[in-house]
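Got the model open in your viewer? Here is a walk through it, one selection at a time.

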Amino acid sequence: MKKYLTLVFFMTLFAAGVSAAQPWTKGAFQTKQYRNLFVEMGHSPEEVEARLQEVFHDVFMGPNKVYFEVGDSMGYISDIKNHDVRTEGMSYGMMIAVELGKKDIFDRLWRWTKKYMQHQEGPREGYFAWSCKTDGTRNADGSASDGELYFITALIFAGNQWGNNTGINYAKEARRILDCSMAKDGSNGQLPLLHPEYQLITFTPDRFGSRMTDPSYHIPAFYEVWAKWAGDGRSEYWNQAAEKARQFLHKAIDEKTGLNPDMCQYDGTVMRGPFMRGGANFRYDSWRVPMNIALDYEWSCADKDWQQQYGEKIQNFFYSQGVDKFVDQYRTDGSLPSEEEILPAGNYPKKLRHSIGLVSTLAAASVMCSHDKSREFVEALWNAKHEPFEDGYFDAYYDGLLRLFAFMHLSGHYRVIFPLEK
C-alpha cells in the first residue's frame, strides 16, 4: 500500500511538473486557486507545510523572534537592529497573521498599533506614526504610506475571515483609515495616501513626502481588495488606482535589467540631488518589488504578459550575477554602486551582501516565470539558512519577514481572503 501511495504521489508530481513551467493566465480573484511551487519542484506537501511552520516559528516564536507580547492583549514586532517598532513590521505581521489564521496575534498587533501608533485626532487623524520605541513612545509622528496600505488590506481580510463581531470591528477600522485619508486636502500639510493628481501612492502623505513615491509601495491587487470589500463607496476610484499603479511600474523598472530605483518621481524617472544618496539605486526597499508584482499576478493576473516578461527579466539579471553570489544593491543599469552610494543597515559598516531577503523575493517571482532558471531560485530559497554573516550582521526583522512572505507565496498560502459565506 505504501509503495502504491508513493507511486501515486510521484505520478501527481509529474503531472504538476508538466504544467509548472506554464504560469497561470487567471488570477485567484477568479479561480480561488494557488500554486505550490515547492511541491511542483519535488518536495512533498507534508515537507512544505513543516518548513512553512518552521519559518513562521523563527519569526514569531524562536530565539531570534521579532514578535513580543505585552500583557494579555497586545503585542508588537520590532526591527531589532534599529531598536524600534515600525508600521512596516506591524502591518506585515498583521497580514501574515490573517493569512495563516492567527487571530490572537492579529488582534494583539492591532491593539498595540491603534493605542500607540494611530493618531486619533488632529491633522493626522487616522494615520499612524511610522516609528515608535518598544514602550510605545513615538520616535516620529509622520506616516509612511506603505504601512497604511497593509493595515487597510489586512483589516479588510480579517473582517472577511472572522467577521466583525468578535471584539474588533475590522471593517469599520479599515474604512476609518480610508475615510480619514480621503478627507485630507493638503491643509495642515496632510494629504491622502494616493497623490490627488497622479492617483499613485505617496512616499509619505504630507507635503514633503508626496513629492516622490517608492516603487515598492505599489501593490495594485490591494486596491482591488479595497474596491471589492472596503464598502467605502469608492470602488471605481480604487480600480482606477490599480491600473495606474501597474502602468507606473512599467515606467519605473529598467527595461534591460528589471531593476527599479529605491525612490522616484510619479512618471518613473529618478530624482536627482545630493540628498538622494543612492536613492536612484536598487536596494533594500527595492527588493520587495518582485514579490509585490508576483502577488498582483497571482491574485489579479490583469497585467500577465508584462509581468511574466518582468519575472524572467529580473531573474535573468540576478542569474547572470550568480544565483548564490549576487549582492543586495545595484545601480538600475546593473553596475555596482560606489562606496558612497551603498546604504548601510543599522549600525553595521557599509557592505554589499548576499541577503536572504532578496533571495526570498526573487524566488517568489518564480510564480510568474516559465524558464528553467526559476527552479534554481526556488531551490536557493529552500536551501538558504537564515544565519549571521561572517561579520556578525544578522537581520531577523526585514530578512525574516520577507523570507516568511516568500514561503507563503511559493507554498500557496498567500491568498485572497473572501468574505464568509452567509
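Start by selecting Cys-264. This is a predicted model, and in it Cys-264 has a relative accessibility of 0%, so the residue counts as buried. While you have cysteines on screen, how many disulfides does the structure hold? The count is 0. Jump to Cys-369 to see one case: Cys-369 is in no disulfide, and the nearest cysteine sulfur, that of Cys-301, is 13 Å away. The cut-off for a disulfide is a pair of cysteine sulfur atoms within 2.5 Å, so this pair does not qualify. Cys-369 is also buried, because its relative accessibility is 1%.

Next, select residues 373-383, which is helix H14. Colour the buried ones: Ser-374, Phe-377, Val-378, Leu-381 and Trp-382. Why do they sit on the same side of H14? Because they cover an arc of only 140° around the axis. The general rule for an α-helix helps here: with 3.6 residues a turn, residues three or four places apart point the same way.

Now bring up what that side packs against. The buried residues of H14 meet helix H3 (37-40), helix H4 (45-60), helix H12 (304-321), helix H13 (356-364) and helix H15 (398-410).

Stay in H14 and zoom in on Leu-381. Buried or exposed? Buried, since its relative accessibility is 0%. Show its contacts beyond four places in sequence, and you get Phe-38, Val-359, Ser-360, Ala-363, Arg-403, Ala-406, Phe-407 and Leu-410. Put a distance label on the C-alpha atoms of Leu-381 and Arg-403: they are 8.2 Å apart in space and 22 residues apart in sequence.

Arg-403 belongs to H15 and takes part in the contact with H4, so keep H15 displayed and add H4. The two axes come within 10 Å and cross at roughly 160°. That angle makes H4 roughly antiparallel to H15, and the crossing is left-handed. For side chains, show Arg-51, Leu-52, Val-55, Phe-56, Asp-58, Val-59 and Phe-60 on the H4 side. On the H15 side, show Gly-400, Leu-401, Arg-403, Leu-404, Phe-407 and Met-408.

Swap H4 for helix H5, residues 87-99. H5 and H15 pack at an angle of about 25°, with their axes 11 Å apart, and are therefore roughly parallel to each other. This crossing is left-handed too. Here Glu-88, Gly-89, Tyr-92, Met-95, Ile-96 and Glu-99 of H5 meet Tyr-398, Leu-401, Leu-404, Phe-405 and Met-408 of H15. Leu-401, Leu-404 and Met-408 may look familiar, as they also appear in the contact with H4.

For another helix pair, select 145-162 and 220-229, that is, helix H7 and helix H9. Their axes come within 10 Å and cross at roughly 45°, so the two helices are oblique to each other. H7 passes H9 in a left-handed crossing. Show Leu-149, Tyr-150, Ile-152, Thr-153, Ile-156, Phe-157 and Asn-160 from H7, then Phe-222, Tyr-223, Val-225, Trp-226 and Trp-229 from H9, and you have the residues that meet.

Time for some loops. Pick Asn-281, in the loop between helix H10 (235-252) and helix H11 (288-299). Asn-281 counts as buried because its relative accessibility is 7%. Apart from residues up to four places away in sequence, it touches Asn-260, Pro-261, Asp-262, Ser-286, Tyr-330, Arg-331, Pro-337 and Glu-341.

Then go to Gly-136, in the loop between strand S4 (131-132) and strand S5 (138-140). Gly-136 is buried as well, with a relative accessible area of 8%. Its contacts outside the four-place window are Trp-112 and Tyr-116. For a sense of where you are, draw a line back to Trp-382: the C-alpha atoms are separated by 36 Å, with the two positions 246 residues apart along the chain.

Last stop: backbone torsions. Select His-83, in the loop between strand S2 (74-79) and strand S3 (84-86). Its phi is near 60°, a positive value in a residue other than glycine. His-83 counts as exposed, given a relative accessibility of 59%. Finish on Lys-32, in the loop between helix H2 (28-31) and H3, where phi is again near 60°.

How values were computed. Residues are numbered from 1 along each chain as its sequence is written. This is a predicted model: local features need pLDDT of at least 70, side-chain atom pairs count only at pLDDT 80 or more; totals for chains, interfaces and linings use all residues. Side-chain values use heavy atoms; hydrogens and water are left out. Buried means under 20% relative accessible area, exposed over 50%, partly exposed in between (1.4 Å probe, protein chains only). Helices (H or I, at least four residues) and strands (E, at least two) are DSSP runs, numbered from the N terminus. The arc is that of the directions from the helix axis to the C-beta atoms. Contact means heavy atoms within 4.5 Å. Axes are lines fitted to C-alpha atoms, for helices over the stretch in contact, and angles run from 0 to 180 degrees between N-to-C directions. Angles under 35 degrees count as roughly parallel, over 145 as roughly antiparallel, 65 to 115 as roughly perpendicular and the rest as oblique. A crossing is left-handed if the near helix is turned anticlockwise from the far one by less than a right angle, and right-handed if clockwise.
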